[in-house]
Amino acid sequence: MWAYVGRRLLLAIPTLLGASIIVFAMVHLAPGDPLSAVMPIDASKADIEAARHRYGFDRPLPVQYLHWLGRVVQGDLGKSISTRRPVLQDVTAALKNSLVLAVSASLLSFGLGIALGLLAAFWQGRVLDKLMSAVAIVGVSVPHYWAGIILIIFFSVQLNWLPAMGASAEGGAVEYLRHMVLPTIALALIPLGVLTRVVRSAALDILAQEFVLALRAKGLRRARVFAHVVKNAAPQILTVLGLQFGFQLGGSVLVETVFSWPGTGYLMNLAIFQRDLPVLQGVILVLATFFVLLNLAVDLAQTLVDPRIARH
Amino acid sequence: MRRFITVATCLVSLVALASAAAAQGTLRVGMTASDIPYSGGQPDNGFEGFRFVGYQLYEPLIAWDLTRSDRPAPLVPGLAESWDVRKDQPTKWTFKLRRNVKFHDGSPFNADAVVFTWESIKKQDAPHFDTYGSAQVTPRLASLKAIRKLDDYTVEIETNNPTSFVPYQVCYMLIVSPTQWQKVRDWRKFAEQPSGTGPFRLTKLVPRERLELEAFKDYWDPKRRAKVDKIVFLPMPEPTTRLAALRSGQVDWIEVPPPDAIPQLKGAGFQIVTNTYPHNWTHTLRLDKEPWNNKLVRKAANYAVDRVGICKSLLNDTCTPATGVTYKGHPWFGRPKETYEYNPAKAKDLLRQAGFDASKKPVKPVHLISTSGSGQMLPLAMNELVQKNLREVGIDIDLQPVEWNALTQRFRLGFKGENEGMNAWNISFNFQEPWSAFGRFFYSKSVVPVSLNTMPYINPEVDKLLDEAAQTFDIGRQNEILAKLHEIIVDDAPWIFIVHDLNPRVLSPKVKGFVPPQSWFVDLTSVSVGK
């Protein structure tokens, strides 16, 4: 198994390289440049050229890329163009906030999604199933940024119960938790919908298999049958959980922007508009690494749950 | 289920109660910037950086008087008590510095601090050279050549050539504490623990999240000691986020609300604060190519735009019609012959005189506009109205929206290269001082890439008046010359003058004592926050 882990980690290297090359190329293909965002509009051509030289933007693109890569290998993600802070520091802080949000939204959506999905499967065709399917469809189809705005209007503006934006203020843990509530709900909507549907169909597949009939024929109680079904559906559900967790971490740009939540998505959004290349590269690299590790972890967890899926 | 609901309700109310106990005497401001402006002395983020960070933490030798609403903010003594240009050598200015002024770190302000600041901006080999801050402020100090200490409380500023615009540049150089810099010896660290002489000092900086200032108790001017204990600035680039934060009570003050939210905010008891200030939103025309090389066509366009309609129906009175670079009542407005009220019949007539006809020879220029951007108001909706107005008289503009960053980059290049097929750009500008109002756009020596005369506008008479204004050290007389210059520009119509923004901001009913000046900057010392 360790050989498998090693091989997977080695395979991660070309994946990360590919991701960084694509980001690098895309930023340079887009119109605009990083210095436009930081230099005043009155800056003379000479000032801009001097800055361009200082940041190394006057060198050929491959050279710029290799230079960046050389430093990354040594653990230096460079400095932000617009803030001059070390990228690693900004990305770490943002990642912490995003992780908190991703974990809370995952707990909410995974817990609810699995429960709703299983309930729907066991009561297939009944009112409960119809209701759960409706919840799932709403979750999958309502844009989460829109849901975020509605949540803000209702809970922040009308009722004044919860803060509308930002992460922490003064006031410690309680304040931080209060700031988390609305973005967590908004972010949990899509995975909730996806999971409910996946879990329902996975459970239905297994319920339709003959061994379930055999279990029932043997006179097993409903709860025991339920346990067998869950165990058999687990590998498939795990794959979806892994993917969804990854999506919540990397794909929360819109939710984080609506709530000004200072996570990686928000940081990435700012970096794109400011063409802050080092920050953008740093975020993508860290997120891509996270994705690779997460997929590996899911694969290994599948083996643990179901030894039939061997990893060599 | 019922028990669950009860528990949930109790929990939510507890949490809500905990939040109600916010600190008193604290002003919380939602900015439009996406990050905390640079606090290490010379700010970034344009004038918003000066407004909320620069001029609150630091002071220049010559400051803006922001205490009145009824006139454009004039310059007044700041850290310098007086200044004078030498009669025998008009490139040399003597500044008498204020005594008994302390930096936030307790060290005294004196001539050494002025020279130290100058070196941090200009002396590239100095250990305290601030690469980033220097890039921000250098374009604003274009005429300054050297600063020398004459004695502890006198400095001499030397300029490249004799110019009366010096005070309008000195006001952007913010004086930093050499003592504090020696302590940290790094500008990034200095930005986290800065020290200026301003009415507020920094207490907490969380990058991209919040900036906290507190009143500086030892501030030198008793009239401008801060009334609030604390100010918190929060970056909120999204207008809807700012609106929600204000309405939910997270902040007491927001910059630039979405215009369509204004009636609702008024109804809810919020204060909508507006005032004219030096801002214009225009189309800068290309003058070396058809159709805008014809003055009659340019005038026609200026008569075709329904400015009142834009301000009333689209922007809910957060702008006012612009019929020149500056606005009526401004000392540089003068008495232009052309008044540019909404007159489509006159516009059609002018077009006919110019030899254009909607059916036979239509006017089809291409205008580059932004999708959004700092100070750009609502570029898409406003431009669609302009387009509709112009189409009604026979000018069919093709709007090409690009993202803000790309637009500013292309603007700096002028109508060359990828901009070759363009006929105008829509970018808003400030006219805070003579150079930014006229010099950078209408001076023949400012043609791109030197400065921002992209059109290019070449008029020897305007050149002469600009030179004359720069040589006139009496402000009253200088204003008269600039008014004459403005009259010529309005008549030449090198721009389609459209609107002046009114700098809308919304304050909660608790905020008292704010005076909106005719300026990009604000005085926050007079503001208090009630219960």
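In this predicted model, six strands of chain B make up an open sheet with mixed pairing, arranged in the order 14-18-13-17-15-16. The edges are held by strand 14 (319-321) and strand 16 (398-402) of chain B, each of which has a single partner strand, so one side of each is left without a neighbour in the sheet. On average, and with direction ignored, neighbouring strands of this sheet are turned by 30° against each other.

Strand 17 of chain B is a good place to look at the mixed pairing, since the order of the sheet sets strand 17 between strands 13 and 15. Strands of a sheet pair through backbone hydrogen bonds, in either a parallel or an antiparallel fashion. With strand 13 (residues 279-285) of chain B, strand 17 runs antiparallel, and seven bridges join the two. Within this pairing, B:Asn280 has B:Phe429 of strand 17 as its bridge partner. On the other side comes strand 15 (residues 366-370) of chain B, which runs parallel to strand 17 and is joined to it by two bridges. Here B:His367 is found opposite B:Ala424 of strand 17. Strand 17 itself, spanning residues 424-430 of chain B, is mostly covered, with five of its seven residues buried.

Turning to chain A, a helix pair deserves a closer look. Two packed helices are described by the angle between their axes and by the distance between those axes. For helix 5 (residues 87-122) and helix 13 (residues 277-305) of chain A, the packing angle is about 50° and the axes are 10 Å apart. Because angles from 35 up to 65 degrees fall outside both the roughly parallel and the roughly perpendicular ranges, helix 5 and helix 13 of chain A count as oblique to each other. Their crossing is right-handed. Helix 5 of chain A contributes A:Val87, A:Leu88, A:Asp90, A:Val91 and A:Leu95 to the contact, while helix 13 of chain A brings A:Pro278, A:Val279, A:Gly282, A:Val283 and A:Val286.

A word on confidence rounds off the picture. Chain B has a mean pLDDT of 91, and 95% of its residues reach 70 or more. Residues 4-23 of chain B call for some care, as pLDDT stays under 50 over this stretch, for which the model has seven contacts beyond four places in sequence. For the complex, the predictor gives an ipTM of 0.80 and a pTM of 0.86.

Technical notes: Residues numbered from 1 in each chain as written. Chains lettered and ligands numbered in written order. Predicted model: local features only at pLDDT ≥ 70, side-chain atom pairs only at ≥ 80, totals over all residues. Buried ≥ 20, exposed ≤ 12 C-beta atoms within 10 Å, placed from the backbone. Helix = DSSP H or I, 4+ residues; strand = E, 2+ residues; numbered from the N terminus. Pairing = 2+ DSSP bridges. Axes fitted to C-alpha atoms, helices over the stretch in contact; angles between N-to-C directions. pLDDT = per-residue confidence, 0-100. Contact = placed C-beta atoms within 7 Å. Parallel < 35°, antiparallel > 145°, perpendicular 65-115°, else oblique. Left-handed = near helix turned anticlockwise from the far one by under 90°.
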